[in-house]
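Visitor: I should like to take a close look at the disulfides of this protein. Could you please guide me through them and then place them within the whole chain?

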Amino acid sequence: MTSRGGHHPCCCRRRPCNGCNTRAEVLLTEAVTAPAVGPNCVLTGGVWYSPYDDQYLDSTRKLDVDHLVPLAEAWDSGASAWTPAEREAYANDLDDPRALIAVSAASNRSKADKDPSTWMPPHAGYRCQYLTDWIADKIRYGLTVDPAEHTALTEGLAHCPDQPVTVTLAR
């Protein structure tokens, strides 16, 4: 019913409505097979693809919605100087489908607050996309990149010829 970047009739893209929170919005948008939407946007059924570990999952309980650039990493990279409203907008960014991503709970928990210098998706086929999305998200919000992170991004992208990075600025 929907695809990544699409919209679901239950919820609004910019602001959750009809009982849908940010997590449900992401799950609705990224469903490979759409779940049923019950009262208060309770989702049942459905199938999702976790690109971090190349798995299909059939339950929302097996999924986390990951901040591609984790909140703690964003804080350390400049978000600490933002207003509370700016931090809330970052945490709930539904305007760029790269900011929040549905992935297996196991892969998200192994990632935790790590940047590409200390964690990369186990699925090698997704790494170039992960790196370019990471860069786009950092640029989108004017976040800094530390030296170890820069090295990891540079070395990782050396294996990704002609990989474009497109950015829509948020701030």
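Guide: A disulfide is counted here when a pair of cysteine sulfur atoms lies within 2.5 Å. In general terms, a disulfide is a covalent bond between the sulfur atoms of two cysteines. Please bear in mind that this is a predicted model. The structure holds 2 disulfides, and we may consider each in turn.

We begin with the pair formed by Cys-20 and Cys-41. Their sulfur atoms are 2.2 Å apart, which means that the pair meets the cut-off of 2.5 Å. The link of Cys-20 and Cys-41 is right-handed, with 80° about the S-S bond. Cys-20 is found in the segment before helix H1 (22–30), while Cys-41 belongs to the loop between strand S2 (36–37) and strand S3 (43–44); the pair therefore ties together parts that are 21 residues apart in sequence. As to their surroundings, both Cys-20 and Cys-41 are buried.

We now turn to the other pair. Cys-128 and Cys-160 form a disulfide in which the sulfur atoms are 1.9 Å apart. The link of Cys-128 and Cys-160 is left-handed, with -90° about the S-S bond. Cys-128 sits in helix H5 (residues 127–140) and Cys-160 in the segment after helix H6 (147–157), so this disulfide ties together parts that are 32 residues apart in sequence. Cys-160 has a relative accessible area of 6%; because buried means under 20%, Cys-160 counts as buried.

Another buried residue may serve as an illustration. Ala-74 lies in helix H2 (residues 71–76), and its relative accessibility is 1%, so Ala-74 counts as buried. Leaving aside residues up to four places away in sequence, Ala-74 touches Val-69, Ala-79, Tyr-90 and Leu-143. Ala-74 and Arg-87 are 13 residues apart along the chain, and their C-alpha atoms are separated by 9.2 Å.

Finally, let us place these parts within the whole. The protein has 6 helices and 7 strands, and from the N terminus on its elements run α-β-β-β-β-β-β-α-α-β-α-α-α. Of its 171 residues, 46% count as buried. Among the contacts in the protein with a separation of 6 or more, 61% are accounted for by residues 24 or more positions apart. The accessible surface of the protein comes to about 8600 Å², and 54% of this surface belongs to carbon and sulfur atoms.

Definitions and conventions
Residues numbered from 1 in each chain as written. Predicted model: local features only at pLDDT ≥ 70, side-chain atom pairs only at ≥ 80, totals over all residues. Heavy atoms only, no water. Helix = DSSP H or I, 4+ residues; strand = E, 2+ residues; numbered from the N terminus. Buried < 20%, exposed > 50% of the residue type's maximum accessible area, 1.4 Å probe, protein only. Contact = heavy atoms within 4.5 Å. Areas by Shrake-Rupley, 256 points an atom, 1.4 Å probe, with all protein chains shown as cover.
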